[in-house]
Amino acid sequence: MCELLGMNCATPTDINFSFSGFAQRSGITGDHADGFGIAFFEHKACRLFVDIEAACKSPIAEMIRHYPIKSRNVIAHIRKATQGATCLENVHPFMRELWGRHWIFAHNGDLREFYPELCGVFQPVGTTDSERAGCLVFQHLREQFGCHEPTPEQVFDALAEIAPKIAEYGTFNFLLSNGHSLFAFATTKLHWVVREYPFAHAHLVDIDMSIDFSQYTTPEDRVAVIATEPLTDNEQWTAFQRGQLLWFQDGKIERELLTDSSKFAAP
């Protein structure tokens, strides 16, 4: 399957350190080598970079590792194909417009026999179960709220309704952001850590790289990082529970809910 990386911050922050370790998993420390993508929000819009090359060797990924794009919300994905060919249209994250802003969705898992009825407003460009799931999530939000942009609280409640239904078809770990908030849901593997004042030293698992965050941050900074597997070996990462939905805002957990997992597909 694939792996996910997300970042939600109180102030614009670069993801270079975390992405450097994450990219190793696309062919060096892991076999997620069927493409990668990363989205950086800037207010309502985002910069989306995708490539069918593995992140460990892609020139685009190399640029991202060294170019400090600062954002308050970032979603990245490295792909190990389970459904759909290795081609650009099947690379995550997927971007759509709702209520005059970009929304970004990325999925880790395998949804079996998942062909939802889509009304036509949101249709997949590629052939993955992941993009079909993203389209269904976007369609559910549009059906729930029409032309009136929902509050983050309303989005959270809508996700709490649709996510468990999709999870009945298989593994459904996802990240979703509109540039204002970041939402994360897990049925199997997903972890989070919050870095805040007083910041400390961190060391990556996948490559011998360290950083002393206290040298680059202020007391106003706070960063939540979400990843399929912990990226560092000297920080306290917390594993999601099965069926847990989290809403991250300004680098911290704003709200959490443990949904009913009794009907989820077996891992």
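**View 1. Ser 58 meets the backbone at the start of helix α2.** In this predicted model, a side-chain oxygen of Ser 58 comes to within 3.1 Å of the backbone nitrogen of Ile 60, right where α2 starts. Helices here are DSSP runs of H or I with at least four residues, strands are runs of E with at least two, and both are numbered from the N terminus. Residue numbers count from 1 along each chain as its sequence is written. Because the model is predicted, local features need pLDDT of at least 70 and side-chain atom pairs pLDDT 80 or more, while totals for chains, interfaces and linings use all residues, and side-chain values rest on heavy atoms, without hydrogens or water.

**View 2. The two sides of helix α2.** Have a look along residues 59-66: Ala 61, Ile 64 and Arg 65 are buried (under 20% relative accessible area, 1.4 Å probe, protein chains only). Seen down the axis of α2, these buried residues fall within an arc of 100°, taken from the directions from the helix axis to the C-beta atoms, so they line one face of the helix. Pro 59 and His 66, on the other side of α2, are exposed (over 50%).

**View 3. What covers α2.** The cover over the buried residues of α2 includes α1 (16-24), β2 (36-42) and β3 (45-51). Contact here means heavy atoms within 4.5 Å.

**View 4. Stepping back to the protein chain.** The chain holds 4 helices and 15 strands, and 56% of its 267 residues count as buried. Among contacts with a separation of 6 or more, 70% join residues 24 or more positions apart. Its C-alpha atoms fill a box of roughly 50 × 35 × 35 Å along the principal axes.

Note on methods
A polar contact is a pair of N or O atoms within 3.5 Å; within protein, one must be able to donate a hydrogen and the other to accept it, and residues adjacent in sequence count only if both atoms are side-chain atoms.
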